[in-house]
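Work through these exercises with the model open beside you. Each task is followed by a solution in steps.

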Amino acid sequence: MKHTFISRLTTTLMAGIVAIALVSCNTNTSQKEGNSEQSQTTEETATVAAMPLKVAIEGKFQLPDLPYAADALEPVMGRETVELHYGKHYAGYLKTLNALIKDTDFEQMTLVEIVKASEGKLFNQAGQSLNHYYFFLQMAPEEQAKKQPEGKLAEAIEKTFGSFEEFKEKFQSEAASVFGSGWTFLAYDKEGNLVITKTQNADNPVTKDQEPLLAVDVWEHSYYLDYRNVRADYLKNIWKIIDWSVIEQRYDAVAK
């Protein structure tokens with residue numbers, strides 16, 4: 001009898017241990033699965049954030065793919081700013097431009113030719129499309145961007161402005177003084193000189209027979225989310241993401 005009781009007790013205890021083990025196993029499995037799902041969601045979010053923006057546009061002129069992810073310019077330029085500026089503003093100019101030139105003589109022209117030959121609404125859409133092309137393709141993540149020019153461009157900047165630092169100070173001052181919406185460019189004129197050119201709204205140096213090298217957007221949509229109304233802070237920080245290797249390539253392509 002005693003042996004029978006011990007046997008039953010042992011059996012009951014063993015069953016309890018197995019049950020606890022199963023519950024523990026199931027709990028651990030659920031936690032692992034939950035952690036796995038959470039990890040997967042985090043990874044997916046990170047992957048989406050790291051993906052370059054791609055916006056499909058119908059018509060002749062298309063958005064160029066960005067050579068960096070939407071969040072890659074942070075903290076100088078936030079992800080939301082890039083998404084809105086590139087994916088909405090820039091894309092909107094191109095969509096309207098394509099609609100305006102459809103079935104017209106302008107459809108056979110290059111973007112620069114359209115800017116030089118057009119006026120009114122068409123000029124505004126073409127000018128902004130050209131301006132933003134220079135703007136978005138000259139930037140790179142802060143850790144990758146070449147921070148100052150070398151070679152012939154560096155020599156030309158020193159000859160014209162005294163030094164690279166003096167050039168930046170003058171450029172920032174000119175850009176800060178643009179009233180309302182507009183742009184500031186480092187450009188190459190037809191006499192072979194470097195010039196800082198300010199424009200209003202959608203205007204571009206090509207209308208003055210100048211070749212744009214560096215373009216800085218001072219419309220509020222380019223900085224308001226990150227810097228509110230303090231344009232000076234935006235202008236001070238943007239040098240961190242200007243890739244001077246791109247500006248050098250533009251200069252080498254046009255310099256005589």
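Two strands pair if DSSP finds at least two bridges between them. Keep in mind that this is a predicted model.

**Exercise 1. Find the sense in which strand 1 and strand 2 pair, and describe how they are joined.**

Solution.
- Locate strand 1 at residues 182-188 and strand 2 at residues 194-200.
- Check the bridges: 7 link these strands, and the sense is antiparallel.
- Take one bridge as an example: T184 is partnered by K198 in strand 2.
- Look at the connection: 5 residues lie between the strands, which form a hairpin.
- Inspect the turn: G192 has a positive phi of about 90 degrees.

**Exercise 2. Place the strands in the overall order of elements.**

Solution.
- Count the elements: the protein has 9 helices and 3 strands.
- Read them from the N terminus: α-α-α-α-α-α-β-β-β-α-α-α.
- Turn to contacts between residues at least 6 apart in sequence: 66% of these join residues at least 24 apart.

**Exercise 3. Identify the residues that touch the most other members of the largest nonpolar core.**

Solution.
- Start with the core itself, which holds 63 residues.
- Pick out F167, L186, L194 and W244: these touch the most other members.
- Ask which element gives the most: helix 2 (residues 79-101) does, with 8 residues.
- Zoom in on F167. Beyond four places in sequence, its contacts are I157, F161, L186, I196, L214, W239 and W244.
- Set this beside a general tendency: in soluble globular proteins, nonpolar side chains tend to be buried together.
- For the whole protein, 42% of the 256 residues are buried.

**Exercise 4. Decide whether Q125 is buried or exposed.**

Solution.
- Find Q125 in helix 4 (residues 120-136).
- Apply the cut-off: buried means under 20% relative accessible area.
- Q125 counts as buried because its relative accessibility is 13%.
- List what Q125 touches more than four places away in sequence: G92, Y93, T96, L97 and L100.

**Exercise 5. Describe the lining of the largest pocket.**

Solution.
- Note the volume, about 160 Å³.
- Name the elements giving two or more lining residues: helix 2, helix 3 (111-117) and helix 4.
- Helix 4 gives the most, with 3 residues.
- Pick out some lining residues, including F61, Q62, Y90, T110, L130 and Y134.
- Sort the lining by type: 9 residues are nonpolar, 2 are polar and none is charged.

Methods:
Residues numbered from 1 in each chain as written. Predicted model: local features only at pLDDT ≥ 70, side-chain atom pairs only at ≥ 80, totals over all residues. Heavy atoms only, no water. Core = buried A, V, L, I, M, F, W, Y, C linked by side-chain atoms within 4.5 Å. Buried < 20%, exposed > 50% of the residue type's maximum accessible area, 1.4 Å probe, protein only. Helix = DSSP H or I, 4+ residues; strand = E, 2+ residues; numbered from the N terminus. Contact = heavy atoms within 4.5 Å. 1 Å grid on protein atoms, 1.4 Å probe; cavity = no way out; pocket = protein on both sides within 12 Å on 5 of 7 lines; lining within 4 Å. Points joined across faces, edges and corners; volume = space filled by probe spheres on them. Nonpolar A, V, L, I, M, F, W, Y, C, P; charged D, E, K, R; others polar.
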